[in-house]
Amino acid sequence: MTPPADPGLTDLDFDTYLRRVAAFTDEELIPGEAEMAAAGEVPERLVRRMAGLGLFGVSIPRAYGGLGWSMTQQVLLTLEFTRASCVYRSRFSTVIGLCSQAVLDHGTEAQRREMLPEMAAGRRVTSFALTEPEAGSDATNVRTVARRSGDGWVLDGEKRYITNAHWADTLLVFARTDEGNAREISAFLVERTAPGVTTRLPEQMNGHAEGPVAEIGLDAVTVPGDRLLGGVPGTGLKAAMRGINHARLHVAATCVGQATRMLEEATRHVTRRRQFDAPLADLGVVQAELGRCYAEMEAGRALTLDAARAFDAGEVPRQRISAAKLYCSEMAGRVADRCVQLLGGEGIVGPHPVPRMWRDVRTLRIYEGSSAIHERNLGRAMIRSVSAEGVLPDSYRVR
Ligand SMILES: Cc1cc2nc3c(=O)[nH]c(=O)nc-3n(C[C@H](O)[C@H](O)[C@H](O)COP(=O)(O)OP(=O)(O)OC[C@H]3O[C@@H](n4cnc5c(N)ncnc54)[C@H](O)[C@@H]3O)c2cc1C
């Protein structure tokens, strides 16, 4: 059982909290990476520390037991704690981004009061169970079904690639209810230990190895009526998109945090490593490679913070969020590849953190919408918006 977050946290102003998270990253998360890699999992001790520091509740309003930081503040926090392995973040990412926001905006008041304080304290880990064997990029193709049974529902189906599912307390399961119209999707809060629910870890993870995803089996799982999110069938996709848009900005910030760390590590390496009687850092070609990476990382940071500010100002800026996630995940991939190259053989052989991050950041171009899906969606939104209104979507133009 994870202890509740330190009650004194709510007295801290944001800058003090940010400095505390930065210190925790430097003093505990980064030094803990070797232990995590050797154990093949995030040490429980560090999960408890993350919960104690309130990281499971950064996006949950204070009225529901969280810290209630704005999106801009959540991004600034993410830039700090993702200088450490992004696997740590995955332990609370499904709570802060995907699930809590869906419950907050689309749950009933009773569901909010029951779930959110537990989630904020790290006592109720939640997983977001959307993807299935036949529903990946095309998330609307969900085949899991929920049929009415008395006052409740019976769920059958399978999910795959679900972060935290193997140790989650509650699964937010998306299933077809098809009552009003065909392809109607609803979301259900399902206890992982409910009869008929099984989870299975994959035999191998190629990246994110210490934070494996899981398959979920749902075999005639009885779900009480009050576990339907929002109490109304057919609102599942809206709830999913609310969580996904929130999480995409967190992923964009994660990419920048990872790039920051890889560049610090690679820069340290080239100043120490000598060849041809001089440090590699003396070579103009090495300086240029670092400079190119730095500029791209800063562009990603600016894009992400700008989208976060727009988010805080009102409407969810879906296209800017999509652009930030697309650019930053591709940027982190380029930076990782160049940093591995600067390390030479150490980038391939041995325990250096950069090659581990190189494998981890590869996943960020696949989940929360693959790069191809973001490119396609952005292009479509541009065509729609210019055709209808004559301007680009989420436009900065003064009108
Ligand atoms: C580490 C990790 C964690 C994850 N966590 C979760 C989670 O917590 N919850 C959850 O529900 N899911 C999760 N996922 C699943 C993730 O959302 C999917 O992997 C992703 O949506 C892609 O689906 P897919 O793997 O089925 O690939 P596919 O949909 O089969 O796509 C394969 C390739 O085809 C391309 N492609 C597909 N359609 C098009 C198109 N129309 N145009 C152009 N290119 C296209 C894609 O870009 C991709 O490159 C996770 C995945 C990973 C790897």
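**Reading the ligand site and the backbone**

Modeller: The largest pocket is the space taken by the ligand. The model is predicted.

Colleague: Which elements give two or more residues to the shell around the ligand?

Modeller: Those elements are β3 and α11. In total, 15 residues surround the ligand, with F128, T131, S137, T163 and S370 the closest.

Colleague: Which atoms of F128, S137 and T163 lie 2.7 Å or 2.8 Å from the ligand?

Modeller: For F128 a polar backbone atom is 2.7 Å from a nitrogen atom of the ligand. S137 places a polar side-chain atom 2.7 Å from a ligand oxygen atom. In T163, an N or O atom of the side chain is 2.8 Å from a nitrogen atom of the ligand. The protein buries 64% of the 980 Å² that the ligand exposes when taken alone.

Colleague: In what sense do β2 and β3 pair?

Modeller: Strands β2 (residues 145-149) and β3 (residues 152-163) are antiparallel, with 5 bridges. A146 has L155 in β3 as its bridge partner. The hairpin has 2 residues between the strands, and G150 there has a positive phi near 60 degrees.

Colleague: What sign does phi have in most residues other than glycine?

Modeller: Most such residues have a negative phi. Here, A220 has a positive phi near 50 degrees, and E368 has a positive phi of about 55 degrees.

Colleague: Where are A220 and E368, and is each buried, partly exposed or exposed?

Modeller: A220 lies in strand β7 (residues 213-223) and counts as partly exposed, because its relative accessibility is 44%. E368 is in the loop between α10 (353-362) and α11 (371-389). At 15% relative accessibility, E368 counts as buried, the cut-off being under 20%.

Methods: Residues are numbered from 1 along each chain as its sequence is written. This is a predicted model: local features need pLDDT of at least 70, side-chain atom pairs count only at pLDDT 80 or more; totals for chains, interfaces and linings use all residues. Side-chain values use heavy atoms; hydrogens and water are left out. Helices (H or I, at least four residues) and strands (E, at least two) are DSSP runs, numbered from the N terminus. Buried means under 20% relative accessible area, exposed over 50%, partly exposed in between (1.4 Å probe, protein chains only). Two strands pair if DSSP finds at least two bridges between them. A residue is near a molecule or strand if one of its heavy atoms lies within 4 Å of it. A polar contact is a pair of N or O atoms within 3.5 Å; within protein, one must be able to donate a hydrogen and the other to accept it, and residues adjacent in sequence count only if both atoms are side-chain atoms. Accessible areas come from the Shrake-Rupley method with a 1.4 Å probe; for residues, only the protein chains shown count as cover. On a 1 Å grid over the protein atoms alone, a cavity is a set of points where a 1.4 Å probe fits but cannot get out, and a pocket is an open set with protein on both sides within 12 Å along at least five of seven lines; lining residues have an atom within 4 Å of a point. A molecule sits in a cavity or pocket if more than half of its atoms lie within 2 Å of its grid points.
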